[in-house]
Each structure stands twice: as C-alpha cells, then as structure tokens.
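Here are some exercises to work through with the model open beside you. Try each task before you read its solution.

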Amino acid sequence: MDTVQLPPNVEAIFLEEQKTFDGLPFPLVLKPTEDSRTQDSGYWQTWIRSNRLLLQKLLLDFGAVLFRDFNTDSPAEFDLFCKAFGFEPFRYLGGAAVRELVVGNVLTANESPPDSRIPFHHEMAHVADYPTILFFYCDVAPKSGGETPLALSNMVYRRMAERNPGLVARLAAEGLRYVRIAPDGDDPTSALGRGWQSTFLTTDRAEAEANARAAGYDFEWMADGCMKTTTKAVPAIRVDGRTGKRMFFNSIHACYLGWQDSRNDRTKAVVFPDGETMSPDVVRTLEDVMDDVSVAVKWRRGDVILVDNRQVQHARRSFTPPRRILASLYKDENGTI
C-alpha cells in the first residue's frame, strides 16, 4: 500500500473484515483525512470530478472501493456522489430483482425478504448488456446481519480451476443458459420476482417480446400470464482485456441457490447449452470457495461502496430490520468483457 497513489485529502484505512489478495487489501477503504472530515457532500462531489481518473485506476487495481465518512447523508446526495464520476446511467432492462426508483438514478437494492440471503453473482451476468459499474449506499444500517459480501471473481476462477479444472474448462468452452419464469406483475415476496412488465419496461406483450429478443432471450408465454425466458448460451468465463485476468463471470451460485419461488425451480435455473443441470457437488465446491475468498464489511450509515461489476461478485446476507441499502447502476467507457 505504501506505493499506491491516493487522491489528496483521503487515507486508506484497514478493517478487520478485509482480506489480502496478491498483496492488496480487499476492498480498498478510503476515509477523509483528519483536516477534511468536516467537508460537506458538495465538496466531495467536486473532489471526485477532480480526481476521477485516479479513482478509476484505484477501482481497476482493487476491484471495489468503500468510501466511509464522506458526509453523504441522503439518497439525493448519494445520487450526486455517483453522478460526479461521469459514468453513463444504466437502463435496468432484463434484471430479475424487484426494484423501485428512489431519486435520480438511485434504485432500491433487491427487496427480497430479510430472512433470505441473496447468493453471489455479477449483476445481470445472464445477459449480454449489463452494468459495468455499481454503487451501493447505506441509508439505514441493519441492526444485525445484512452485509453485502464481495468476492474477487479472478480469485474465484483461480480456486475453482484448482479444485475442478474440468468444470472450468467446460464453462469456458460452452457457456451457460439461464432460465426464469417472470410473473405477471411484480412479486415482492421473491428475490427474482420482477414481473415481465418491469423486466422489459413495458406493459405491451408485443413490445416485451421485441425487447426480450433484443436482449438475447428465447421466451414462452405461460397459461397464467407469466413469461418464461431462456437466454442464449452466454460466456461463463471471461477475460478482462484491461488486466488479462480470467473471471468466473456467471450466476451459478445465485441461480442454483437463490432462484427459487412458486414459479421457478432453482436446480433448473442455470444449465449447460445442452440442457444439463448443475451438479450439487459443483455448487458445494463453489460455496466453499466463496466462503474462503469473500469479504463482508459491516454497513455503517452513509457508507458508499463502488464496485467494478466485471471484477467483483456481490451477495446479501439475511438481516434483522430495519435496513435500507440503495443502488445505482452505470456503464463506463471501457465496456463489458
């Protein structure tokens, strides 16, 4: 860390939850220096604009950056904090989670019940067009639990390649398909309860079909008005051209363990192109790897976490309410991998 260049007026701090990979702490945690801690949110928005390129380099090097005590005290200030980076807002088309617009480009995070966890995933890894940049903001810190664990996808790839090289080779060669039945209207009781209307941003069936085709889905209308969607085969191992690192870029963990409700069978939610389902042994190995490499920092009100979605998977632990974590999704100039 002594050789890492930081922007002015901040320092890197170290939390007990952090882990070290390839000599770098994960995630990077930044905090204002002693003489800058009283600066308001407007100051930090200007600071971001002035140090944008360096902050982007830190994100590339570390994968995720936690901003703590930057006096971001409301969803509106969070929106301006994110927008100061100059990224392009992402249009949330094709996502499975039920989200509500809060302000500007700020959405609620996945609103699934507090007693359920959300397993690890790259945001929207099941479609070709996904957000490359994610921001998370703690508006209300949970009484207990509710962390948003993070995992470096290259570390997941490396551990899985050691433990199951045949699987990794097959994923790289064939990719995966994802299957979901979207309800007729949002179902807030489900972690994947985003209705087809919200998924494809229309109430018109013909337009939903057109948007589904454009997003790379096959689809089937069910008798009860639900819409079954199946992706084309999409890459499950990807190389980040910026670094040359291989990423375990898929949603096996999330789909097999989390895509279960009254309409969906989690064991059939992620399949190989020939329709073969995932082995429970594979998922158990992946669980072990995720437990080994993931980091779960306890939320504090006002925290902002900036995540490179190409490099880092995220999850959500169960919690004791209240808890309110907000999200803002973007695309940067480097594009998808």
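The exercises below go from a pocket to the cores, the strands and some backbone details.

This is a predicted model, in which local features need pLDDT of at least 70, side-chain atom pairs count only at pLDDT 80 or more, and totals for chains, interfaces and linings use all residues. Residues are numbered from 1 along each chain as its sequence is written, and side-chain values use heavy atoms, with hydrogens and water left out.

**Exercise 1. Describe the second largest pocket and its lining.**

Step 1: start with the space, which is about 210 Å³. A pocket here is an open set of points on a 1 Å grid over the protein atoms alone, where a 1.4 Å probe fits, with protein on both sides within 12 Å along at least five of seven lines; lining residues have an atom within 4 Å of a point. The volume is the space filled by probe spheres set on the points, which are joined across faces, edges and corners.

Step 2: find the lining. It has 17 residues, and D61, F62, L152, K245 and Q311 lie nearest the centre of the pocket. Two or more lining residues come from each of β3 (24-26), α2 (52-62), α4 (153-163) and β17 (245-247). The largest share, 4 residues, belongs to α4. Helices (H or I, at least four residues) and strands (E, at least two) are DSSP runs, numbered from the N terminus.

**Exercise 2. Find the largest nonpolar core and the surroundings of F248.**

Step 1: a nonpolar core is a set of buried Ala, Val, Leu, Ile, Met, Phe, Trp, Tyr and Cys residues joined through side-chain atoms within 4.5 Å. Buried means under 20% relative accessible area, exposed over 50% and partly exposed in between, with a 1.4 Å probe and protein chains only.

Step 2: the largest core has 68 residues, and V156, L171, L176, F248 and M278 have the most contacts inside it. Helix α9 (residues 280-293) gives the largest share, 6 residues. Another core, of 27 residues, lies apart from it and includes V10 and F67.

Step 3: list the contacts of F248 (heavy atoms within 4.5 Å). Leaving aside neighbours within four places in sequence, F248 has contacts that include H122, Y157, L286 and Q313.

**Exercise 3. Is strand β10 largely enclosed or not, and which strands does β10 join?**

Step 1: 7 of the 8 residues of β10 (residues 133-140) are buried, so the strand is largely enclosed by the rest of the structure.

Step 2: β10 runs antiparallel to β22 (residues 324-331), with 7 bridges between them; strands pair if DSSP finds at least two bridges. In this pair, I133 stands opposite Y330.

Step 3: β10 is also antiparallel to β19 (residues 304-308), joined by 5 bridges, and there F136 has I305 as its bridge partner.

**Exercise 4. Which peptide bonds are cis, and where does phi turn positive outside glycine?**

Step 1: recall the background. Most residues other than glycine have a negative phi, and most peptide bonds are trans.

Step 2: the bond from F26 to P27 is cis, with omega near -15°, and P27 sits in the loop between β3 and β4 (28-32). The bond from P321 to P322 is cis too, with omega near 5°.

Step 3: N9 has a positive phi of about 70°, and L201 has one near 55°. N9 counts as partly exposed at 30% relative accessibility, and L201 is partly exposed at 34%.

Technical notes: Contact = heavy atoms within 4.5 Å.
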